[in-house]
Amino acid sequence: MAGRRSENLTSLGEVIGENTSFSSGQPHVQITELDLPTELLEKILSQLTLRENICASAVCRRWNAVGTSVRVADKAPWLMIFPPPHESGDLYEFYDPSQHQSYFIEFPELCDSRFSYTKDCWLLMYNYNTNCVFFFCPYTRELIKLPKLGLPCHIAAFSASPKCPSCVIFTLADVSRTVVAISTCRPGATQWTTVTYQNQHQFPSCIWNKIVFCRDIFCCLNRNGFLGVYNPEKGTWVVHPTHHLPNFLKNSYSHICLRGKFMAEHDGDIFLIHTSGKNPVVFKLDETNKVWVKMENLGGTTIFVNFLCSYVRTDLLGEMRKRIYFPKVQFDGKPCVSYSFDNGRYYPQNPSHDLNGPGPFESIWIEAPEHLSTFLESCCLPDNNNDEEDS
């Protein structure tokens, strides 16, 4: 404990030394880190990550009180679920995994549509009857139309909120095993731009591909383990083989194996999650060498996986840390199930879990709302079966 305290004091002392000065002519008074004015201590601790804040809070009782008061944790995303196919109506479920709570609201404007992607509280929706793509924000009910897409929209993604000038929508379709058609569009445009690209490596584009937007480029992982990279500013498309890819991550054509792969982005890093085996395995991409490196532990990371779009959080509190959360499972109707890396088991524990849910397009993780006013007129059903109490 003494060593850790000394390390924390040294690092914070460097920050203090850069930002603290004394007026000339005043008697020299030695001020230690523990004697810092509360306002300055709050300013310093508020700049730390959650993990650093927790470490600094262990220095003394005063630092613990100040650190706790300025501590900011991430919000877990919510799981948005389509109405069950056997039920009529437009009642969508929103499940909050941090509170084990479900909320419901009707969206008749989403009739005949399915999820495609989500970012910044916006959904990218695809109407399979009209072949139209549009943005929809479930918390404000704002809808932004896009031009009609000439090709079927099997997989798609977008770079930023449609309110952002840099927003670009990206879709990928296969022309042949070595030729792909990439369609892009920006909000406000009157038509899509479609360009075909010849691949050096076979890149069969199907609904099982995964897409993330990372460092200003779209990265697409296909079922063979190849990584396609599209730069929207330059209009370039390059396919890279990823080296040393484990056999169970490539050449997997069964629906179980294909649906057991997930890809997520966080702070410039790309993660690959494989769940078709007994326990989940997580890899991080070494972008320079195009190698997937197995992560031996998640640290404080939490991953929320979904067929269409997955999220990574690093600043969650309590039992949600070091876990993977999966979308709705079928065997007992629970909205989601999680796997704890600390305990090496699923919650709730049952061998009949279908970790991928009833259908690949029927649920999606989305950022939590700022407040619950959207749901005030909707029914609210709590999940009283806390997964930690499941045996």
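Two strands count as paired if DSSP finds at least two bridges between them. With this definition in hand, the exercises below examine a predicted model.

**Exercise 1. The sheet that contains β8**

Task: State the order of the strands in the open sheet that contains β8, and explain why one side of β8 and of β11 is left without a neighbour.

Solution.

Step 1. The general principle is that strands of a sheet pair through backbone hydrogen bonds, either parallel or antiparallel.

Step 2. In this open sheet, four strands follow the order β8-β9-β10-β11, and their pairing is antiparallel.

Step 3. β8 and β11 (193-198) are at the edges and have a single partner strand each, so one side of each lacks a neighbour in the sheet.

Step 4. On average, neighbouring strands of this sheet are turned by 20 degrees against each other, with direction ignored.

Step 5. For one pair in detail, β9 and β10 (residues 179-185) are joined over six bridges in the antiparallel sense. I169 is found opposite C185 in β10.

**Exercise 2. A second open sheet**

Task: Describe the sheet that contains β12, and state which strands form its edges.

Solution.

Step 1. The order of this open sheet of four strands is β12-β13-β14-β15, with antiparallel pairing.

Step 2. Its edge strands are β12 (210-214) and β15 (236-241), each of which pairs on one side only.

Step 3. From one strand to the next, the twist averages 20 degrees.

Step 4. Five bridges connect β12 with β13 (residues 217-221) in the antiparallel sense. Within this sheet, I211 stands opposite C220 in β13.

**Exercise 3. The surroundings of S161**

Task: Determine whether S161 is buried or exposed, and identify the residues that it touches.

Solution.

Step 1. S161 is located in the loop between β8 (155-158) and β9 (169-174).

Step 2. A residue is buried when its relative accessible area is under 20%. The value for S161 is 13%, and therefore S161 counts as buried.

Step 3. When residues up to four places away in sequence are not counted, S161 touches D120, W122 and C167.

Step 4. With W122 there is also a polar contact, in which the two side chains are 3.4 Å apart.

**Exercise 4. Unusual backbone geometry**

Task: For D120 and N131, state the phi angle, the location and the degree of burial; then describe the peptide bond between Y347 and P348.

Solution.

Step 1. D120 is not a glycine, yet its phi is positive, at about 55 degrees. This residue, D120, belongs to the loop between β4 (113-119) and β5 (122-127).

Step 2. Because its relative accessible area is 40%, D120 is partly exposed.

Step 3. N131 is likewise not a glycine and has a positive phi, of about 60 degrees. N131 lies in the loop between β5 and β6 (132-137).

Step 4. The relative accessibility of N131 is 16%, so N131 counts as buried.

Step 5. The peptide bond that joins Y347 and P348 is cis, with omega at about -15 degrees. P348 itself is part of the loop between β24 (345-347) and β25 (363-366).

**Exercise 5. W78 and its distant partners**

Task: Locate W78, decide whether it is buried or exposed, and describe its contacts.

Solution.

Step 1. W78 belongs to strand β1 (residues 78-81).

Step 2. W78 has a relative accessibility of 5% and therefore counts as buried.

Step 3. In sequence, W78 and E367 are 289 residues apart, while their C-alpha atoms are 6.1 Å apart in space.

Step 4. Leaving aside neighbours within four places in sequence, the contacts of W78 include F94, Y95, Y103, I364, W365, L372 and F375.

Step 5. The side chains of W78 and D96 are joined by a polar contact of 3.5 Å.

**Exercise 6. The protein as a whole**

Task: Summarise the secondary structure, the burial and the nonpolar cores of the protein.

Solution.

Step 1. The protein has five helices and 26 strands.

Step 2. Of its 391 residues, 51% are buried. The exposed area is about 19,200 Å², of which carbon and sulfur atoms supply 49%.

Step 3. Among contacts with a separation of 6 or more, 50% are between residues 24 or more positions apart.

Step 4. In soluble globular proteins, nonpolar side chains tend to be buried together.

Step 5. Here the largest nonpolar core has 69 residues, and M80, F94, F115, L124, F135, L172 and W237 have the most contacts inside it. Another core, of 15 residues, lies apart from it and includes F262, A264, M295 and L298.

Notes:
Residues are numbered from 1 along each chain as its sequence is written. This is a predicted model: local features need pLDDT of at least 70, side-chain atom pairs count only at pLDDT 80 or more; totals for chains, interfaces and linings use all residues. Side-chain values use heavy atoms; hydrogens and water are left out. Helices (H or I, at least four residues) and strands (E, at least two) are DSSP runs, numbered from the N terminus. Buried means under 20% relative accessible area, exposed over 50%, partly exposed in between (1.4 Å probe, protein chains only). A polar contact is a pair of N or O atoms within 3.5 Å; within protein, one must be able to donate a hydrogen and the other to accept it, and residues adjacent in sequence count only if both atoms are side-chain atoms. Contact means heavy atoms within 4.5 Å. Axes are lines fitted to C-alpha atoms, for helices over the stretch in contact, and angles run from 0 to 180 degrees between N-to-C directions. Accessible areas come from the Shrake-Rupley method with a 1.4 Å probe; for residues, only the protein chains shown count as cover. A nonpolar core is a set of buried Ala, Val, Leu, Ile, Met, Phe, Trp, Tyr and Cys residues joined through side-chain atoms within 4.5 Å.
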